[in-house]
Amino acid sequence: IPNIQEGETFWLVDPLDGTKEFLNGTDEFTVNIGLVQRHKAVMGIIYAPALAEKFSGICLESPSKPLFEKEVNVITSRHCRNVTLPENMVATHHVECGSSLKFCRLAEQKADIYPRPGRTMEWDTAAGHAILKSKGGNVYTADWEELTYQKSNFANSNFVALSGG
């Protein structure tokens, strides 16, 4: 892990996000490149080579706090299916997806919410977070604060990603 000075601008690169998907022979693995500035994800590029899909986004300002819909379309990882939705939300549709493509599907408004319990790393989320923000969505901690970057161990806590739709 590099020694990054407090508040420094830096890149987070994950050359193979979705390792389990890749090893299992699915198409849902990606290359993630995220730019972090002042603890916020500001630019992201995600490429899914097997699907020939690419996504990008730049967002220097954080979208406003989320407005909650009661009925939501949920997207989760195949490897993390047991999720709890925020209070008063009911899943009307559920789809599973690998790697950082979950953020891209939210940005495309093909899903409304991606709840993620358990540990992820900053390089797993920065690119998707920036892309999602560029489309009006965001990623929040359990306290409904925007997920931040440059933590000492680069580990994220539980989070909820919401589309901008």
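Helices, at least four residues long, and strands, at least two, are DSSP runs, numbered from the N terminus. With that in hand, let's take a walk through this structure, which is a predicted model.

**Helix H3**

Let's start with H3, and with what comes after it. H3 is followed by Gly136, and the phi of Gly136 is positive, near 95°. The helix itself has 13 residues. From its first C-alpha to its last, H3 reaches 18 Å, close to the 18 Å expected at 1.5 Å a residue.

Is H3 largely enclosed by the rest of the structure or not, and why? Eleven of its 13 residues are buried, so H3 is largely enclosed. Among the buried ones you'll find Glu122, Asp124, His129 and Lys133, along with Ala126, Ala127 and Leu132.

**The largest pocket**

Now for some empty space. Rolling a probe the size of a water molecule over the atoms shows where empty space is left. Here, the largest pocket holds about 400 Å³ of space. Its lining is made up of 21 residues, and Asp17, Gly18, Ser99, Arg116 and Asp124 lie nearest the centre of the pocket. You've already met Asp124, as one of the buried residues of H3.

Which helices and strands each supply at least two residues of that lining? The strands are S1 (10-17) and S7 (113-116), and the helices are H1 (19-23), H2 (101-107) and H3 (122-134). As for chemistry, the lining divides into eight charged residues, nine polar ones and four nonpolar ones.

Two charged residues in these helices are worth a look. Glu21 is found in helix H1, and Glu21 counts as buried because its relative accessible area is 5%, with the cut-off set at under 20%. In space, Glu21 and Tyr114 are 18 Å apart, C-alpha to C-alpha, while in sequence they are 93 residues apart. Over in helix H2 sits Lys102, which is buried too, with a relative accessible area of 3%. Lys102 and Thr84 are 18 residues apart in sequence, and their C-alphas are 17 Å apart in space.

**Strands S2, S3 and S4**

Next, follow the chain through S2, S3 and S4. Strand S2 (residues 30-37) runs antiparallel to S3, and seven bridges join the two. One of the pairings is Gln37 with its bridge partner Lys40 in S3. Two residues lie between the strands in this hairpin, and Arg38 there takes a positive phi near 50°.

S3 (residues 40-48) also pairs with strand S4 (residues 53-58): six bridges join them, and again the strands run antiparallel. Which residue of S4 is the bridge partner of Tyr47? That would be Lys54. Gly44, meanwhile, stands opposite Gly57 in S4. The hairpin of S3 and S4 has four residues between the strands, and Ala52 in the turn has a positive phi of about 55°.

**Positive phi values**

Why make a fuss about the sign of phi? Most residues other than glycine have a negative phi. Here are four residues with a positive value:

| Residue | Where | Phi |
|---|---|---|
| Arg38 | hairpin of S2 and S3 | near 50° |
| Ala52 | turn of the S3 and S4 hairpin | about 55° |
| Gln109 | loop between H2 and S7 | near 60° |
| Gln150 | loop between S9 and S10 | near 80° |

The two glutamines in the table sit in loops. Are Gln109 and Gln150 buried or partly exposed? Gln109 is partly exposed, with a relative accessible area of 48%, whereas Gln150 counts as buried at 12%.

**The cysteines**

Last stop: sulfur. How many disulfides does the count come to? It comes to zero, where a disulfide needs a pair of cysteine sulfur atoms within 2.5 Å. Cys97 is in no disulfide, and the nearest cysteine sulfur to it, in Cys104, is 8.3 Å away. Why is there no bond for Cys59? The closest cysteine sulfur is that of Cys104, and it is 15 Å from the sulfur of Cys59, so it is too far for a bond.

Both Cys59 and Cys97 are tucked away from the surface by the numbers: Cys59 is buried with a relative accessible area of 11%, and Cys97 counts as buried at 5%.

Key: Residues are numbered from 1 along each chain as its sequence is written. This is a predicted model: local features need pLDDT of at least 70, side-chain atom pairs count only at pLDDT 80 or more; totals for chains, interfaces and linings use all residues. Side-chain values use heavy atoms; hydrogens and water are left out. On a 1 Å grid over the protein atoms alone, a cavity is a set of points where a 1.4 Å probe fits but cannot get out, and a pocket is an open set with protein on both sides within 12 Å along at least five of seven lines; lining residues have an atom within 4 Å of a point. Grid points are joined across faces, edges and corners, and a volume is the space filled by probe spheres set on the points. Ala, Val, Leu, Ile, Met, Phe, Trp, Tyr, Cys and Pro count as nonpolar, Asp, Glu, Lys and Arg as charged, and the others, Gly among them, as polar. The expected span of a helix is 1.5 Å times one less than its number of residues. Buried means under 20% relative accessible area, exposed over 50%, partly exposed in between (1.4 Å probe, protein chains only). Two strands pair if DSSP finds at least two bridges between them.
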